[in-house]
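Visitor: I am new to protein models. Could you pick one small part, show it to me up close, and then lead me from there through the rest?

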Amino acid sequence: MRIMLFATLAVLATSCRPQGPYATETRCITTAWETLEQLGDEPCPGWSSTHFAVLLVTDSTEYLFGHPYPSDDFAADPSFLGPGTVVSRPRMFPPNLLATMPAVNGLPTVVIGTLANTGLSPGEWTSTLLHEHFHQVQFNRPGYYDGVNALELSGGDETGMWMLNYPFCYTDTAVVHAFDRYRSALLAAFAPGSTGMNARNDMIAAARRALFTGLSPKDARYLDLQLWQEGTARSMEQHVLELLVAKDITWKEIDADTRSLAQAVETNAMEELTRTDLANDQRICFYAVGWAEARLAVHRGASFWRSYFEQPFTTATYFQR
């Protein structure tokens with residue numbers, strides 16, 4: 001897979017330049033591919049061996065990069081140079097989408113709008129690609145789909161939209177208060193001069209138990225899945241950027257500094273963790289809370305990312321000792 005990835009990267013970098021307005025997006029995708037090649041499986045098991053297919057959604061057209069077997073509705077696009085590396089079709093997805101799903105022939109594919117339609121800088125856009133690639137790694141793990149189905153949360157929805165639309169008890173007063181106490185416990189653990197690690201973990205674990213005890217079994221499974229899948233992906237995004245910083249790798253091709261991007265992920269996540277409100281922000285709250293859980297678990301031991309997939313769909317083990 002890494003040999004094939006490098007060959008695809010080489011074609012993109014040298015002969016697959018768009019003649020239209022998407023040259024920057026192409027450079028960003030190429031930069032993300034280079035990052036996979038540079039880091040191998042250092043971020044986590046499966047990082048470099050998982051297909052990194054990207055569907056760029058523009059106002060009228062979708063361009064598919066790096067997919068090993070595109071569906072028949074795609075055709076080689078004359079706006080790109082090179083031997084058919086990039087294929088396209090008329091737009092099907094919203095032009096501002098940022099998601100990973102089995103969008104093309106069942107393969108988990110990053111579906112992403114243009115820089116203009118997502119409102120991201122080239123560095124942020126590339127960092128988001130890496131965040132979404134972690135979802136590809138998650139979805140590619142043996143047993144992932146069977147495991148998710150076993151949670152019995154879909155309510156018969158086979159499109160996957162239930163992950164966004166699940167009727168969680170966002171406005172239940174007791175749940176809101178318990179979620180806020182858990183959020184506060186996580187925040188306190190980041191404060192300078194906070195209690196020792198064992199006491200801090202005990203405080204977080206107690207607040208977490210109180211939150212989950214007050215949920216129905218289905219709601220508890222949904223929250224656990226969202227924290228494990230979505231929140232931890234944001235922590236992985238920061239983890240990858242920090243690995244690049246440690247290797248003194250910056251993204252000169254897109255004029256982006258990996259150190260600044262890593263700091264921005266933490267700053268933004270901490271701001272969200274500080275101000276987030278379950279009743280108003282609903283599912284968005286889970287990103288910052290899941291990020292905090294994973295960051296604190298990483299601080300407990302460098303083996304966190306090696307063991308992340310051993311107990312899927314739950315973050316309950318992050319603070320056990």
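Guide: Happily! Helices and strands here are DSSP runs, numbered from the N terminus: a helix is a run of H or I with at least four residues, and a strand is a run of E with at least two. This is a predicted model, in which local features need pLDDT of at least 70 and side-chain atom pairs count only at pLDDT 80 or more, while totals for chains, interfaces and linings use all residues. Residues are numbered from 1 along each chain as its sequence is written, and side-chain values use heavy atoms, with hydrogens and water left out.

Our small part is Asn105, in the loop that links strand E5 (98–104) to strand E6 (107–113). Look at its backbone: phi of Asn105 is near 55°, which is a positive value in a residue other than glycine. Is Asn105 buried, exposed or partly exposed? A residue is buried under 20% relative accessible area, exposed over 50% and partly exposed in between, using a 1.4 Å probe and protein chains only. Asn105 has a relative accessible area of 45%, so it counts as partly exposed.

Now follow the chain to Glu152, in the loop between helix H5 (144–150) and helix H6 (162–165). Glu152 is not a glycine either, yet its phi is positive, at about 55°. With a relative accessible area of 58%, Glu152 is exposed.

From these loops, let us turn to a strand. Val57 belongs to strand E1 (residues 53–57), and its relative accessibility is 0%, so it counts as buried. What surrounds Val57, once its neighbours within four places in sequence are left aside? If contact means heavy atoms within 4.5 Å, then Val57 touches Glu62, Arg91, Phe93, Pro94, Pro95, Val111, Ile112, Gly113 and Thr114. Phe179, on the other hand, is 122 residues from Val57 along the chain, and their C-alpha atoms are separated by 36 Å.

Next, visit three helices. Leu186 sits in helix H7 (residues 173–190) and is buried, since its relative accessible area is 0%. Leaving aside neighbours within four places in sequence, the contacts of Leu186 are Ile204, Leu273, Val289, Ala292, Glu293, Leu296 and Phe319. Asp219 is 33 residues from Leu186 in sequence and 21 Å from it in space, C-alpha to C-alpha.

Arg208 lies in helix H8 (residues 197–213). You might wonder where a charged side chain like this ends up; with 8% relative accessibility, Arg208 counts as buried. Beyond its neighbours within four places in sequence, it is in contact with Tyr182, Asp224, Glu293, Thr314, Thr315 and Ala316. You may recognise Glu293, which is also listed among the contacts of Leu186. Pro90 is 118 residues from Arg208 in sequence, and 46 Å separate the two in space, C-alpha to C-alpha.

Glu237, in helix H9 (residues 217–246), counts as buried at 11% relative accessibility. Its contacts, again without neighbours within four places in sequence, are Ser127, Thr128, His131 and Val265. Try a distance here too: Glu237 and Ala262 are 25 residues apart in sequence, while their C-alpha atoms are 8.0 Å apart.

One last stop concerns the cysteines. Cys28 has 0% relative accessibility and therefore counts as buried; Cys44, also at 0%, counts as buried too. A disulfide would be a pair of cysteine sulfur atoms within 2.5 Å, and a search of the whole structure finds zero of them.

Let us step back to the whole protein. Its secondary structure comes to 13 helices and six strands, and 52% of its 321 residues count as buried. Among contacts between residues at least 6 apart in sequence, 69% join residues at least 24 apart. Along the principal axes, the C-alpha atoms fill a box of roughly 60 × 45 × 35 Å. For the overall fold, we can use the radius of gyration, taken over C-alpha atoms, and a globule rule of 2.2 Å times the number of residues to the power 0.38. A compact globule of 321 residues would have a radius of gyration near 20 Å, and the protein has 20 Å, so the two agree.
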